[in-house]
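Dear colleague,

I am passing on to you the structure that we spoke about, together with some notes on what was found in it. Please read the notes with the structure open beside them.

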Amino acid sequence: MEHKLLLPIGKNTSDVTPAGQCGTWVKEPEWGYFTSPNYPQKYPPERECVYIIEASPRQCIDLFFDDRYSIEPSWECKFDHIEVRDGPFGFSPILGRFCGEDSPASVRSSGRYLYIKFVADGELEAIGFSARYNFTQDPEFKGLGELPPLPICEFEMSGPEGYVESLQITGEGRALPTEAVDCRWYIKAPPKSRIYMRFLEYEMHNSNECKRNFVAIYDGSSSVEHLKNKFCSTVANDIMLVSSVGVVRLWADEGSRKSKFRILFTTFHEPPCDAETFFCHSNMCINRTLVCNGIQNCVYPWDENHCKEKRKASILDTLDNTNITIITVTCGLVVILLVISVIIQVKQPRKKYIIRRDDFDPALLHPGFEPPHYELCTLRRDPSGDLTDAAMAEDYEKQNKLRRSSSKCIRDHHCGSFQGSFHGSRSNLSVRDAAVAAEPQAMPGQQSPGLPQPAAATGRRSILVMKHSYSQDGAEGYRAEEEESMVDDCPANSLHHMHHHQIHRGPSGLDHAVHRTLSNDF
């Protein structure tokens, strides 16, 4: 049998626990005391009592034992004993385990809670103990002074599901963002039902500092003996309560108001499940309205499995009758206008227009680029001439220079042809030169076609100069100087015949070509 006694926070009146349970407990705002059952008489056998003392925020607890003290002695106090722990739970750090005839020394808690448990077996009873306690300032908060009065911050919630979140404190105006808070949410389920809590969000501003901020879960009431779990680190676990009343508590001082949490609670009852409930495969029967609602209410997501994906509401779902009427009338007008425009286009006579251009100007076309041609110079001499003559020797030397310059021809169509053609090749030049050397002496009255007959027939020298398609303007001046020098080399009494053929520039701006023939007889 276990009896839990505590000092509720905010209760300022004295209270005496009835004799015969776990002794006497007197509670005052600043101090109190409690005793073992039947003290100073012998305590009864097979008795277990738990005393949990809770101080106000920023305070700690000092515990003292009276000199009249006697508990059955044993090795390591395995039988009758008193156990003191630094915290509100049976797994909190142990401060001491006492038995025997000697009174223990004083004990001080590190925080707001002390857990004291007295155990008696079935043999060898003694008079027991008497202990007193008082509250003192926590050394860690000594510089901050006393805590100002806390605002009243309580909420009541019910229903098959709901959310408990820290944003409700400021959202409903229960406290200012700069005030310390000690808020409680009371959750009530239907009779014979239980409560399942799942943390959706949890973050402590001062992590691992339970004196400054924590979230506590109580099962049955907000009394410290009903404390189920307390979270002040970085992780919070889901809680399954046994009773139909659950309490969520948030403590945060002025410097920890950024602490936040969000809890989803679901009420359920144990199987068998009726027609209005859904079986969660974890001994939970939840309300059928929670199935396929997009929220996991079971411990495992059985309630959200095999659910058809809900289609998101489109813009058509938000249209009312007025919007549909306006859209229909507008579309009808557009269709009518389109039909009218089609009818007009069909009935309108069509005219065919044919555009012909008889005055086509070929000069508008861009002429292609024609590569430059090289000049062909051929020296023809009469075999009857005397090669020892100085002028003939000079002509013969010029002939060799011209033949060497003909090596610049890089394609057959770049070199001129002597037999009435303006194009030839180096091989053709060699063949022609050989033909000229083997040609018999011309008759005095014979003349080349297309050239005037010279006045004297003693000897003849014919030089054919061809200039064609030079794209640079400077080339014409260069050829003019060359012709002038060639004319100056001829004797003064020679006849000069010059025939010019010009191809005038077209609109494209190409350079004209000049074909000149110079015949000097001497």
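**Salt bridges**

The structure holds 15 salt bridges, and since this is a predicted model, each of them should be read as a feature of the prediction. One of these pairs is formed by Asp62 and Arg108, whose closest N and O atoms are 2.6 Å apart. Asp62 belongs to strand S5 (residues 59–65) and Arg108 to strand S8, so the pair ties together parts that are 46 residues apart in sequence. The two partners are covered to unlike degrees: Asp62 counts as buried because its relative accessibility is 8%, whereas Arg108, at 46%, counts as partly exposed.

Another salt bridge joins Lys260 to Glu203, with 3.8 Å between the closest N and O atoms. Here, too, the sequence separation is worth noting, because Lys260 lies in strand S19 (residues 260–268) and Glu203 in strand S14 (residues 194–203), so that this pair ties together parts that are 57 residues apart in sequence. Lys260 is partly exposed at 34% relative accessibility, and Glu203 is partly exposed at 43%.

Glu172 and Arg174 also form a salt bridge, in which the closest N and O atoms are 3.4 Å apart. Glu172 counts as partly exposed, with a relative accessibility of 46%, and Arg174 is partly exposed as well, with a relative accessible area of 28%. Besides these pairs, there is a network of salt bridges that links Glu54, Arg112, Asp182 and Arg249.

**A buried arginine without a salt bridge**

Arg184, which lies in strand S13 (residues 181–188), is buried and yet has no salt bridge; the nearest side chain of opposite charge is that of Asp182, 4.0 Å away. Asp182 is itself a member of the network just described. Leaving aside residues up to four places away in sequence, Arg184 touches Cys153, Glu154, Phe155, Ser222, Val247, Val248 and Arg249, and the last of these, Arg249, is likewise part of that network.

**An open sheet of five strands**

Five strands, in the order S2-S3-S10-S5-S8, form an open sheet in which the pairing is antiparallel. Strand S2 (25–27) and strand S8 (107–108) stand at the edges and have a single partner strand each, so one side of each is left without a neighbour in the sheet. At the S2 edge, S2 pairs with strand S3 (residues 31–35) in the antiparallel sense over three bridges, and the bridge partner of Lys27 in S3 is Gly32. Strands S5 and S8, which come last in the sheet order, are those that carry Asp62 and Arg108.

**The surface and the chain as a whole**

On the surface, Val329, Leu333, Ile336, Leu337, Ile340 and Ile344 make a nonpolar patch of about 590 Å². One of these residues, Leu337, lies in helix H2 (residues 321–347) and counts as exposed because its relative accessibility is 58%.

Taken as a whole, the protein chain has five helices and 27 strands, and of its 522 residues 37% are buried. The chain exposes about 31600 Å², of which carbon and sulfur atoms supply 55%. Among the contacts with a separation of 6 or more, 68% are between residues 24 or more positions apart.

With best wishes

Terms used:
Residues are numbered from 1 along each chain as its sequence is written. This is a predicted model: local features need pLDDT of at least 70, side-chain atom pairs count only at pLDDT 80 or more; totals for chains, interfaces and linings use all residues. Side-chain values use heavy atoms; hydrogens and water are left out. Helices (H or I, at least four residues) and strands (E, at least two) are DSSP runs, numbered from the N terminus. Buried means under 20% relative accessible area, exposed over 50%, partly exposed in between (1.4 Å probe, protein chains only). Lys and Arg count as positive and Asp and Glu as negative; His and the chain ends are not counted. Contact means heavy atoms within 4.5 Å. Patches are made of residues with over 30% relative accessible area and no salt bridge: like charges are joined within 9 Å, nonpolar side chains (Val, Leu, Ile, Met, Phe, Trp, Tyr) within 5 Å. Accessible areas come from the Shrake-Rupley method with a 1.4 Å probe; for residues, only the protein chains shown count as cover. Two strands pair if DSSP finds at least two bridges between them.
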